[in-house]
Amino acid sequence: MKSLDRLTRVTNICDQAILLRRFPYSESSLVTRVFTRQHGKLGLLARGAYRPKSRFYCVLDHFDTLELEWLEQRGRELQDLREGDIHTRRSKISSDLESYRAGSLVCELIDLTSPFGQQDLGMWKRLTLCLDELNSGSRPAWEAAVCFELGLLEEHGLCPALELCASCGREASPPDPNEPRACFSASCGGRLCAACGRDARDAGRRVGTMPLDVLEAASLLLRGAREGVRISPLAPALLLRLRDFVDRFMDHHLEVRAKARGDFLSKADRNSRTALSATSLRT
Ligand SMILES: [Zn+2]
């Protein structure tokens with residue numbers, strides 16, 4: 001009986017949360033997936049959320065920080081939401097298309113990469129910071145999103161080597177002094193020196209090159225995020241190529257593709273030699 005008691009034990013829990021997804025359930029209820037400050041990702045059932053007098057009316061919106069209270073019952077996939085309130089409203093994100101897209105992407109990435117029920121304070125801080133930036137417009141929407149993505153890679157120990165060689169840790173100068181591109185291999189962990197690039201190629205690894213300005217911009221953004229310094233704005237064309245670089249790297253390592261960036265990545269690599277020479281011919 002004791003173990004049964006433990007299995008069915010119900011605990012009342014309060015925590016801050018960001019809504020990741022929501023689906024209608026039955027006639028008037030809502031199933032939500034949220035990312036919380038102390039309990040990680042979890043599923044909550046908001047009974048009667050669509051009823052006109054529901055206590056969740058106008059509360060369960062995207063991008064806001066919510067104060068939620070739920071009953072946790074062990075062994076259940078969906079917990080019963082009891083109370084909900086808005087802690088921080090971020091209504092401006094939904095009124096600007098680029099901010100909305102960037103906000104949707106970062107929430108989708110949290111949903112795709114966070115395990116259920118595991119606290120991740122690092123990602124919580126990065127997510128709320130990114131949403132604050134999108135809401136205030138303190139930096140361009142996609143710069144905030146790219147900074148979040150680099151932070152996510154860093155939190156997962158997957159951040160590419162951007163300055164030194166990923167393999168030997170030494171300086172990684174461009175293999176051709178006349179061309180501002182460094183050896184780069186996603187599967188080898190990022191930037192490579194010429195010698196390690198050759199070794200990796202001989203070992204059958206895929207090794208390409210990456211423009212130095214993209215690697216430098218990524219490094220500046222990451223260092224800035226770590227030290228709380230904002231480095232912006234980046235030139236729009238460089239930001240577009242930086243986004244392409246980070247998204248492809250993330251695609252390679254996480255083996256999941258957020259729907260919110262499917263269209264973006266369906267275009268040819270914007271950092272390839274051919275893409276860059278076509279751009280320079282046009283300008
Ligand atoms: Zn090396």
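**View 1. The zinc ion's donors follow the spacing C-x2-C-x24-C-x2-C along the chain.** Here's a look at the metal site in this predicted model. Four cysteine sulfurs hold the zinc ion, each an SG atom at 2.3 Å: Cys 165, Cys 168, Cys 193 and Cys 196. Cys 165 sits in the loop between helix H4 (141-155) and strand E6 (181-185), while Cys 193 sits in the loop between strand E7 (190-192) and helix H5 (194-202), so the pair, 28 residues apart, ties together distant parts of the chain. Both Cys 165 and Cys 193 are buried.

**View 2. The zinc site is tetrahedral.** Angles among the four donor atoms run from 99 to 115°. For comparison, the ideal angle for four tetrahedral donors is 109.5 degrees.

**View 3. Five strands close into a barrel.** Go round it and you meet E1-E2-E3-E5-E4, with mixed pairing. On average, neighbouring strands are turned by 50° against each other, ignoring direction. E1 and strand E4 (residues 65-73) pair up antiparallel over nine bridges; in one of them, Gln 16 has Glu 67 of E4 as its partner. Two helices pack on this sheet: H2 touches E1, E2 and E3, at about 120° to the direction of E1, and H3 touches E1, E2 and E4, at about 50° to E1.

**View 4. Helix H2 covers residues 97-113.** Its 17 residues should span 24 Å at 1.5 Å a residue, and the end C-alpha atoms are indeed 24 Å apart. Buried residues in H2 include Ser 99, Leu 105, Cys 107, Ile 110 and Asp 111. The buried residues of H2 pack against strands E1, E2 and E3 and helices H3, H4 and H7.

Methods:
Residues are numbered from 1 along each chain as its sequence is written. This is a predicted model: local features need pLDDT of at least 70, side-chain atom pairs count only at pLDDT 80 or more; totals for chains, interfaces and linings use all residues. Side-chain values use heavy atoms; hydrogens and water are left out. Donors are N, O and S atoms within 2.8 Å of the metal (3.2 Å for Na, K and Ca); water is not among the atoms, so sites may look incomplete. Four donors count as tetrahedral if all angles lie between 85 and 135 degrees; four count as square planar and six as octahedral if opposite donors are over 155 degrees apart and all others between 65 and 115; anything else is irregular. Helices (H or I, at least four residues) and strands (E, at least two) are DSSP runs, numbered from the N terminus. Buried means under 20% relative accessible area, exposed over 50%, partly exposed in between (1.4 Å probe, protein chains only). The expected span of a helix is 1.5 Å times one less than its number of residues. Contact means heavy atoms within 4.5 Å. Two strands pair if DSSP finds at least two bridges between them. Axes are lines fitted to C-alpha atoms, for helices over the stretch in contact, and angles run from 0 to 180 degrees between N-to-C directions.
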